[in-house]
Structures are given as C-alpha cells and as structure tokens.
Amino acid sequence: MLQIDEQLYSMTGGKIGEPFMRAIAGISNETSIIWGELLPLEQILISDEQALTLVKGYCIEDVAAFSGVEQGVTKVLQDLMLDNHDAHILQYMALHQTVEAQGLLRFLTGIDMVLPMQEMKVLAVHKVENKWLIHPIWQDNQSFWSTLYAKKLYSIFMQVDIENIQNPALLILELQKALNQAMSKNRVATIVHQLINHITQRSGASYELKTLHLSDVIIHFTSGSRHFRKLRKRIAQLEAVWKEGEWALTEKERTLLAYILLEEAVARKDTEQILVQGLFLIEEERLNNHIVELMVEYNEVLKIIPPQPETIVKAYNKNCGEFILYYVIEALAKTNQFKRIIALLKDYEIASCIEIYQYINGVQDADLLHKLEAGVQRGIAHIVDGSTQHIRQSLTKWQEGYQIRRGPYAEIALMTSKHVCNILKSLWATEQFELFERLIEIYRKYLFIPAHFEQLRAFVAATVHSNDF
C-alpha cells in the first residue's frame, strides 16, 4: 500500500467527512476553491517498477505456463477482473495499457493474478504522464477508499495537463462515480463542471478537451433536474466551441448530442424540438450508422436493452431506437403529418412490429393479419410471465390488470395504447383501411384505454364529418 494511503487511513480511522478533510489538509501543500486541498503528485504517482511491485502485491499470484505473450496477457486480464461485476471497464483497459505501453508484459507473462475478491472491490490502474496511479477500493470502508480515489483524481486534474493523462474523459467519469459515493448528484455535477471549466481555462484546443466537454454534458444529463435544465445551454456552448477546426464535432458526437436534446425535449413536452432532434437522428441513417456504437460507448445515456420488433406491445422507452421513433411518431401525429408516419413504419420494423412493417411494405401473406394478433399475444405473455408457455393465463392476467393505474402493466399499456392509436390515425388518414380494421380489433381486445380511444374516435369523426364510428 502507498505510504500516503496508510497515513490517511490511520489519521481518519477510515472515516470521511470532516476527519477526512482535516487529514488531507494536514499533508497538503496546495488548495483550490473547487474542492479543497490537493494531494502532492509525488506522493500518489509512482514509477513503472513501483507500479509493478504494487500490482503484484495487491494480487494473488500463481505461476502458470502460457503458450504465448498475447495469451498470457489475456489470461492475466481476464483473471484480474473475474467476477468483479462492479468494476468499470476502464480498469480492464488501463491495465492492458500498463502492460503493453511499458513492456511490463515480460514480468507478468507466466503469472496468473486474481484480485483477492473477499477484500478488494476494484483495483484502479491509470497512466498519468510517465507514471502510474494505482489505487485499490477495499471492501471494508469503501466510502473512505472511494473518496480518497476521488481526491487523487481531482488532484491530478488540477495539476497535470490533460494531454499527459490517458483517457481523461473516462477518468472524469471515474471521478464522478467515486464522488457519488459520498455526495449528492447535484454537488458532484457542480464540482466536475467547475473542474472542467478550470481545465479549459489553462488548456488549448485538443481532442482530450473536447471529450471532457462532452463528459460535462453527460454529467448534466444524468445529475438531476437542476443540471438537466441547463442542458440546452451547455450543448449550445459546446457546439459553438467545437463547430469547426481540427477537433470539430464528428457526426457520431452530434448524434449523441441530438439524442440528449431529444430526451430533454421529451421531458419538456416540446413537440417542435422533438421533431428537430428526432428527425436529425433518423435522417441520413444516423440512427442505424451510430446507435450501436453510441450504446456501447455511452451506455449511461442511451437505453441499451435489445429492440423488440417481434411485438408492438413493449416498453418503447427502454431501447434508444424505439424511444426515438415512438416520440417522433407522436410528434408527427400531433402535427397531422401522417404520410411521414407511414414512411417511418415502412422503413423501420422497430417503429411498430414485424407484421405491420411487412404489410406496409406489400408482403403477400394471407395470414399476416392473424400473425399480428398472435404477436400481440406473445408480447403480452412475455410481459406477464416472462415466456410464452402460458399464453391464455397471461392474457387473462393482462386483461384484468393492464388498465389499473399504477398497476404492474400500466406503464407499458399506456405507452403502447398511445402509440397504436397514433398508428391507427395514420392508417385512417392514408386510407389503409384493411390494416386499420384489423389493428383496431386487436386494440379494443387487448390495449383499450378509454381516453386514448376517445381521442382516436374524435379524430376519425372529424375526418368524415360524422359522430358515427
């Protein structure tokens, strides 16, 4: 263990709050108004040789014969992170960089290392300048070790130029995660925002600085209503700074920002902005070109469960692609742009379900409309029972409970009912009556919400100048 870690742990008794801050002040030689005292870099960053010794000391070592260097590295890394589900992927990546970049592989090859899981939760390994930050989060007194980790990261950002920090955007998210253990989301977002502003003032334009600005937006997005309300301003500032030049925003990054702005517009119920951002995401295949990559890189932002084109009954807000199409279709319905809705249904299975997609695309299948009801039944069964083994019983439970406010199926039922009614309006307005008639039968049987149905009824009545439906 580093001497500074032992010293602080002894001084605080493993406690955070006032004892922690007093202990930090006792060994610090510099302070900041953002988050207090800074730890001296020479006490928290160590050399290659020290890093290797420390990593070995933290791990259980068993000599094993590996057939090759790469196989050895893979085994070391896999074993190091084995069953450590709470560890950030950054630790895995950072240790790999440690091994590759510094030639430490020759020391590690043949050594099978596994974290002592009963004692340690995470071992963080980060490259900073030509040295290393090695920090354990122990199972005992986790709040102390997380807060100390945050203080180390904060001290590094305050004293080291970002071009000398590997993956500064990932480290800033690590700082946020560590601070979240002891502070409110609002306080954490404020500290990180002020820190990024401080870094910006003393840094030139670079890819690393742009990624920090993107991280600032993400932290505002995930840190509660106060910061969420500032998103438009933050994104406008970011777009102005990175509009052109060597580090101008890429289409993938602009896609990410548009998705965040779409969620913000949905929260505000801003139909105009929902269409602006949603259609930007859909046009030029941005949704298809970037959505998977963004889901992997920014999983704290984008909804990552798989899409469900096999059913129309689903939680449209759980998958980012379905979320986008759901709210764009709702906004198009509000503005009577029904031909554009049909075009989306024709282009995207996840805008409805496979059977509607096939029907609108002219698939010749006499059983297609019967398959539509079967798909609805299977979708309901999965929601109720998690399988299709008991469809009849699941349908009974659904029909008895889906209209109950705050019941177990209420959210999905309300969302699906509204979406199906918007599709029905589009089918009626574009005179696709065969599918309209079949879908409304299914709707009334499984998805009927009185308020939504009355709105649909009024819409149809207005188009035929009659109250008869």
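Me: Hi! Which residues in H11 meet which ones in H14?
Reply: Happy to help, and keep in mind that this is a predicted model. On the H11 side, Tyr207, Lys210, Leu214, Val217, Ile218 and Phe221 take part. Their partners in H14 are Glu253, Leu256, Leu257, Ile260 and Glu263.

Me: How do the residues of that contact divide into nonpolar, polar and charged?
Reply: Eight of the residues in the contact of H11 with H14 are nonpolar and three are charged, with no polar ones.

Me: Where are those two helices in the sequence, and at what angle do they cross?
Reply: H11 covers residues 207–221, and H14 covers residues 251–268. Their axes cross at roughly 15° and come within 11 Å.

Me: So are H11 and H14 roughly parallel or antiparallel, and why?
Reply: Angles under 35 degrees count as roughly parallel, so H11 and H14 are roughly parallel to each other.

Me: And is their crossing left-handed or right-handed?
Reply: The crossing of H11 and H14 is left-handed.

Me: What about H10, how does that helix lie against H11?
Reply: H10 is made of residues 185–201, and its axis comes within 10 Å of the H11 axis, crossing at roughly 160°. That angle makes H10 roughly antiparallel to H11. H10 passes H11 in a left-handed crossing.

Me: Which residues meet there?
Reply: From H10 you have Ala189, Val192, His193, Ile196, Ile199 and Thr200. From H11 you have Leu209, Leu212, His213, Asp216, Ile219 and His220. The contact of H10 with H11 has seven nonpolar residues, four polar ones and one charged one.

Me: Changing topic: how many salt bridges does the structure hold?
Reply: The structure holds 18 salt bridges. One of them joins the side chains of Lys252 and Glu293, at 3.1 Å from N to O.

Me: Where in the chain are Lys252 and Glu293?
Reply: Lys252 is in helix H14, while Glu293 is in helix H16, which spans residues 286–297. The two are 41 residues apart, and the pair links distant parts of the chain.

Me: Now for H20 and H23, what can you tell me about how they cross?
Reply: The axes of H20 (residues 368–385) and H23 (residues 433–447) come within 10 Å and cross at roughly 25°. H20 is therefore roughly parallel to H23. The crossing of H20 and H23 is right-handed.

Me: Who meets whom in that pair?
Reply: Leu369, His370, Leu372, Glu373, Val376, Gln377 and Ile380 in H20 meet a set from H23: Glu434, Leu435, Arg438, Leu439, Ile442, Lys445 and Tyr446. The residues of this contact of H20 with H23 comprise eight nonpolar, two polar and four charged.

Me: Last one: what is the mean pLDDT of the chain, and where is pLDDT below 50?
Reply: The chain has a mean pLDDT of 85, and 86% of its residues reach 70 or more. One stretch below 50 is residues 60–78, which has 31 contacts in the model beyond near neighbours in sequence. Residues 80–115 also stay under 50, and there the model has 90 contacts beyond four places in sequence.

Methods:
Residues are numbered from 1 along each chain as its sequence is written. This is a predicted model: local features need pLDDT of at least 70, side-chain atom pairs count only at pLDDT 80 or more; totals for chains, interfaces and linings use all residues. Side-chain values use heavy atoms; hydrogens and water are left out. Axes are lines fitted to C-alpha atoms, for helices over the stretch in contact, and angles run from 0 to 180 degrees between N-to-C directions. Helices (H or I, at least four residues) and strands (E, at least two) are DSSP runs, numbered from the N terminus. Angles under 35 degrees count as roughly parallel, over 145 as roughly antiparallel, 65 to 115 as roughly perpendicular and the rest as oblique. A crossing is left-handed if the near helix is turned anticlockwise from the far one by less than a right angle, and right-handed if clockwise. Contact means heavy atoms within 4.5 Å. Ala, Val, Leu, Ile, Met, Phe, Trp, Tyr, Cys and Pro count as nonpolar, Asp, Glu, Lys and Arg as charged, and the others, Gly among them, as polar. pLDDT is the predictor's confidence in each residue, from 0 to 100. A salt bridge is a side-chain nitrogen of Lys or Arg within 4 Å of a carboxyl oxygen of Asp or Glu.
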